[in-house]
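Biologist: I am new to this structure and should be grateful for a close look at one part of it, the largest pocket.

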Amino acid sequence: MHAGDFTVRGTREEVGSFHSWVTGLLAAGTVQYAVVVAGNHELSFQEGRSKHPTVVANQAAMKRALCDVPNLIYLEDAP
């Protein structure tokens, strides 16, 4: 379980690095499942943080890529 703050500011590079790390753990069999919660540092995962459509689309793609990792469970509150 990773309970947030897996980045400093939620940049594409930081999220990509975390994605690689956690997929590596899963692929190697180090862990069978990974449960991930975004923390307050994952700014790009916060809805409404940006108003620019391209930025919003890129942020959604980063989150979707993380959520699409097999055996990774991403928890988030929902309205």
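Biologist: Which element gives the most to the lining of the largest pocket, and with how many residues?

Modeller: The model is predicted, so local features need pLDDT of at least 70 and side-chain atom pairs count only at pLDDT 80 or more, while totals for chains, interfaces and linings use all residues. Residues are numbered from 1 along each chain as its sequence is written, and side-chain values use heavy atoms, without hydrogens and water.

H2 gives the most to the lining, with 4 residues. A pocket here is an open set of points on a 1 Å grid over the protein atoms alone, where a 1.4 Å probe fits, with protein on both sides within 12 Å along at least five of seven lines; lining residues have an atom within 4 Å of a point. The largest pocket holds about 190 Å³ of space. Its lining consists of Arg9, Gly10, Thr11, Arg12, Leu43, Ser44, Arg49, Val55, Asn58, Gln59 and Met62. By class, 3 of these residues are nonpolar, 5 polar and 3 charged, with Gly counted as polar.

Helix H2 (53-67, a DSSP run of at least four residues) also has a part in the largest nonpolar core, to which H2, helix H1 (12-28), strand E1 (34-37) and strand E2 (72-75), strands being runs of at least two, each supply at least two residues. That core (buried nonpolar residues, under 20% relative accessible area with a 1.4 Å probe, joined through side-chain atoms within 4.5 Å) has 13 residues; Phe18 and Leu66 are among those that touch the most other members. H1 provides the largest share, 4 residues. At 5% relative accessibility, Phe18 counts as buried. Beyond its neighbours within four places in sequence, Phe18 is in contact (heavy atoms within 4.5 Å) with His2, Phe6, Val36 and Leu66.

Note on methods. Buried means under 20% relative accessible area, exposed over 50%, partly exposed in between (1.4 Å probe, protein chains only). Grid points are joined across faces, edges and corners, and a volume is the space filled by probe spheres set on the points.
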